[in-house]
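Open the model in your viewer and set the cartoon style. We will go from stop to stop, selecting a few residues each time.

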Amino acid sequence: MLAVRGLTVRYGSVAAVAEVDLEVPDGQVLALLGPSGCGKSTLLRAVAGLEPAAAGTVCWDGADLARIPVHRRGFGLMFQDGVLFPHRTVAGNVVYGLRGPGWSAPARDRRVAELLELVGLAGYGARRVSTLSGGEAQRVALARALAPRPRLLLLDEPLAALDRALRERLLADLRLALSVTGTTAIFVTHDQQEAFAVADRLAVMRAGRIAQCGDPRAVWSRPVDDWVARFLGCTTVLPARPHRLPDGTWASSTFLGEVAGRAEWVGLRPSALLVDQRGTAHGTVAAVVPGPEHQVLTVQLSGPDGELPAGRVQALADPDAELEIGSAVRLRLDPTGAALLQGAARAADAVAHDTLSR
Ligand code: ADP
């Protein structure tokens, strides 16, 4: 098991990673998700031993790795650009990690064939890597990283350079490869779809610190604060009034509708507000972005009591609904796109809270 405790990494006077605690139990995939520049790569590099820690420890099964150099940690690395050896064949690249005395030639060949099969490149062994597409090259990089059975695989935005369709396919295959091999891994990404697709556990990072770590569904539906909520797609954060239902469970009411669970603040993704005749909130369309599955609207809310403090919200409409700027719409709350904030939202929103909870 990997255990990071109080890890700080500095570049000059700036702490790119600040007092991070993180654990990755054996066989789990942890996605490290955060905006560009928040310190994800630096944290990964420090775990690998490529950056010195200014404070804190990186331990494997309780043993401090501070004095263990990169190549003796038994960790595998894979980056956005897999950096294959250009003059070697596919097999020549995959076999690279299998040089130790523990590997006989037949065992190595078997392992290479097994790995190429795993990443969907069976029969590619003799190909020159210079003839591969970007997606194939990343599959080879993955096979190479997995070949020596690393006790921890560190993946730094491994799919970022690929186009979207390819990324989705490779993501599914990567997830399968990690799960079939029972590999323990940290997967760094700024893309929440990717993070959710691979993660057993999700750590959201902000400005060098872990803002929240937990089960991906729990982080998604119960962000700790409004920064995490907004980072995970909530475009509106509303005050809510929690109340107990007759069956003893809790619900929280906002002026746009009710969600299950107890919170004083509710985050809404655009998918939580749907244009619907039966909706109870009214507004006027302020902007429309067409899309193949739905139109994303910005709606200026209005109501019988005049303008509501929440102002503009984002909502979804059917792709063929005839809407334009100025169209009157009604919105219905769909709780599946909502998140219950665990803590308080920003002080600026407290004004709205007071107004609305009266
Ligand atoms: P992320 O991977 O989340 O995009 P990084 O770990 O690459 O973030 O960077 C975190 C911060 O550290 C950024 O502000 C970045 O500019 C800074 N940084 C990264 N590498 C170096 C370096 N070698 N020297 C100085 N500053 C760096």
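**First stop: just past helix α1**

Please keep in mind throughout that this is a predicted model. Begin by selecting Gly 49, which sits just after α1 and has a positive phi of about 95 degrees. Now step back into the helix itself, residues 40–48. How much of it is buried? Of its 9 residues, 7 are buried, so the rest of the structure largely encloses α1. To see them, select Lys 40, Thr 42, Leu 43, Leu 44, Ala 46, Val 47 and Ala 48.

**Zoom out: the whole chain**

Return to the full view for a moment. The protein chain has 9 helices and 21 strands, and its C-alpha trace spans about 80 × 45 × 45 Å along the principal axes. Of the 358 residues, 46% are buried. If you like contact maps, here is a number for yours: among contacts with a separation of 6 or more, 66% are between residues 24 or more positions apart.

**Second stop: the hairpin of β1 and β2**

Select residues 2–11, which form strand β1; this strand pairs with β2 in the antiparallel sense, over 7 bridges. Show Arg 10 as sticks, and you will find it opposite Ala 15 of β2. The hairpin has 2 residues between its strands, and Gly 12 takes a positive phi near 65 degrees there.

**Third stop: Asp 26**

Follow the chain out of β2 (14–24) and stop in the loop that leads to β3 (29–33), where Asp 26 lies. Is Asp 26 buried or exposed? Its relative accessible area is 52%, and the cut-off for exposed is over 50%, so Asp 26 is exposed. Leaving aside residues up to four places away in sequence, Asp 26 touches Met 1, Trp 60 and Thr 184. Add Asp 61 to the selection and draw a distance between the C-alpha atoms: Asp 26 and Asp 61 are 9.7 Å apart in space, with their positions 35 residues apart in sequence.

**Fourth stop: the sheet of 6 strands**

Next, colour the strands of the open sheet in their order, β6-β7-β8-β3-β9-β10; the pairing here is mixed. Strands β6 (75–78) and β10 (209–214) are at the edges with a single partner strand each, so one side of each has no neighbour in the sheet. On average, neighbouring strands of this sheet are turned by 20 degrees against each other, direction ignored. At the β10 end, pick β9 (residues 201–206): 5 bridges join this strand to β10, and the two run antiparallel. Val 204 has Gln 212 of β10 as its bridge partner. Then bring in α4, which packs on the sheet and touches β6 and β7, with a direction at about 170 degrees to that of β6.

**Fifth stop: α4 against α5**

Keep α4 (residues 134–146) on screen and add α5 (residues 164–180). Their axes come within 11 Å and cross at roughly 15 degrees. Angles under 35 degrees count as roughly parallel, and α4 and α5 are therefore roughly parallel to each other. The crossing of α4 past α5 is right-handed. To display the contact, select Gly 135, Gln 138, Arg 139, Leu 142 and Leu 146 from α4, together with Leu 166, Leu 170, Asp 173, Leu 174, Ala 177 and Leu 178 from α5. Sorted by class, this contact has 7 nonpolar, 2 polar and 2 charged residues.

**Sixth stop: two positive phi values**

Two loops come next. Arg 149 is in the loop between α4 and β7 (152–156), and its phi is near 55 degrees, a positive value in a residue other than glycine. With 53% relative accessibility, Arg 149 counts as exposed. Now move along to Glu 157, in the loop between β7 and α5. Glu 157 is not a glycine either, yet has a positive phi of about 45 degrees. Glu 157 counts as buried, at 11% relative accessibility.

**Last stop: the sheet of 3 strands**

Finish with the open sheet β12-β13-β14, whose 3 strands pair antiparallel. Here β12 (241–244) and β14 (257–260) stand at the edges, each with a single partner strand, so one side of each lacks a neighbour in the sheet. Neighbouring strands are turned by 30 degrees against each other on average, direction ignored. Select β13 (residues 250–254) to see the antiparallel pairing with β14, made by 4 bridges. For a final pair, show Ser 252 and its bridge partner in β14, Val 259.

Definitions and conventions. Residues numbered from 1 in each chain as written. Predicted model: local features only at pLDDT ≥ 70, side-chain atom pairs only at ≥ 80, totals over all residues. Heavy atoms only, no water. Buried < 20%, exposed > 50% of the residue type's maximum accessible area, 1.4 Å probe, protein only. Pairing = 2+ DSSP bridges. Axes fitted to C-alpha atoms, helices over the stretch in contact; angles between N-to-C directions. Parallel < 35°, antiparallel > 145°, perpendicular 65-115°, else oblique. Left-handed = near helix turned anticlockwise from the far one by under 90°. Contact = heavy atoms within 4.5 Å. Nonpolar A, V, L, I, M, F, W, Y, C, P; charged D, E, K, R; others polar.
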